[in-house]
Amino acid sequence: MTHCPETASPALVSQPLQLQDVIEVLEGATSVTVLCHVQPDADTIGSGLALGIVLERKGIPVQVSFASPDRLPVSMSGLPGTDLLVPADAVAESSDLLVTVDCGSAGRLGALASRLDRAGRSLVIDHHRSNTRYGTFDLIDDSAEATTAVLARLFDLWDVEIDADLAHCLYAGLVTDTGSFRWVRPGTHDLAERLLATGIDGADIARRLLDTHPFGWLPMLGAVLSSAVLVPDAADGRGLVHAVIRCTDSAGLGSEEVESVIDIVRTTAEAEVSAVFKESAPGSWSVSLRSKASVDVAAVAERLGGGGHRFAAGYTATGAVETAIAALRETLG
Ligand SMILES: [Mn+2]
């Protein structure tokens, strides 16, 4: 007997598939809905559009969507395949196969999580170690740098020719999820080289996705960074730095501007762990966590109801931000 109503129904644990079996599931589908996570980044959108393009070329009806916000972030508007995107309220109620990309849990689908139950079958394609395996089938490689890197391997076995359009989508996820090729492993640059060799403009893609902000970003950074706090004794003395972005700070700015702040805060030498509390609605906080080497922030985020990767994770919190900060410090030890 469980005390948690959300887990009262029988737990659904997806069946891990080999690449060849994934291809059979995809090729056998009569209609596919591809869902990206809420507050989408370039890895989930690049993955969704790349898979959408491939399915469309194979003559399989496909829709790609995400629950919120209601518009694609401006930085991703130049990606190929955006014609396959449909608004969340236009997503088919049911489809033969539902595929999620880069979504570590059903909750990351937002309001579109309802489509999971109504799909004939579902396939979870991801690289988050904390993935809760919520579909019928899954293809999860937590050693992959990006979900687009998982798709590149799938496309290779599927004999899909990775042309410039597909390469653009895959590169978008690779360059952003590796932090401009900082967090790499053997093979990362080989994949980047293959994608670049199709003729895509890697510098332009990176600039649009990572290095372009409206002028209003600068005063927002000024306000938010000037109120950052260093807590040297947090995380068993390894240090925590945190910053808060209130709705009033980010008014008129896009998600790219809000999401960029953690990349500055996390450079603090005196802190192993960094956190940015982003107010999504009054009293509602989306929290980004980063660590450098010795703290597993995915485990920290999971204890607070979220998930992610060892050095990059997140969760949501409600109430006063001081309470949320205290809860994080308590969890960090
Ligand atoms: Mn990703």
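What is the handedness of the crossing of α2 and α4? Let me start there, with the reminder that we are looking at a predicted model, and come to the sheet afterwards.

Helix α2, which covers residues 42-57, packs with helix α4, residues 147-157, at an angle of about 20 degrees, and their axes are 8 Å apart. Because angles under 35 degrees count as roughly parallel, α2 is described as roughly parallel to α4. As for the handedness I asked about, the crossing of α2 and α4 is left-handed. On the α2 side the contact is made by D43, G46, S47, A50, L51 and V54, while α4 contributes T147, T148, L151 and F155. Sorted by class, that contact has five nonpolar, four polar and one charged residues.

Now to the sheet, which is open and is formed by six strands in the order β7-β8-β9-β10-β12-β11, with mixed pairing. The edges are taken by β7, at 229-231, and β11, at 307-308, and since each of them has a single partner strand, one side of each is left without a neighbour in the sheet. As a general reminder, strands of a sheet pair through backbone hydrogen bonds, in either the parallel or the antiparallel sense. Within this sheet, β8, residues 240-245, and β9, residues 273-281, pair in the parallel sense over six bridges, and if you want a place to look in the structure, V241 stands opposite S274 in β9.

Finally, helix α11, residues 255-265, lies across β8, β9 and β10, the last of these being 284-291, and α11 runs at about 165 degrees to β9.

Definitions and conventions
Residues are numbered from 1 along each chain as its sequence is written. This is a predicted model: local features need pLDDT of at least 70, side-chain atom pairs count only at pLDDT 80 or more; totals for chains, interfaces and linings use all residues. Side-chain values use heavy atoms; hydrogens and water are left out. Two strands pair if DSSP finds at least two bridges between them. Helices (H or I, at least four residues) and strands (E, at least two) are DSSP runs, numbered from the N terminus. Contact means heavy atoms within 4.5 Å. Axes are lines fitted to C-alpha atoms, for helices over the stretch in contact, and angles run from 0 to 180 degrees between N-to-C directions. Angles under 35 degrees count as roughly parallel, over 145 as roughly antiparallel, 65 to 115 as roughly perpendicular and the rest as oblique. A crossing is left-handed if the near helix is turned anticlockwise from the far one by less than a right angle, and right-handed if clockwise. Ala, Val, Leu, Ile, Met, Phe, Trp, Tyr, Cys and Pro count as nonpolar, Asp, Glu, Lys and Arg as charged, and the others, Gly among them, as polar.
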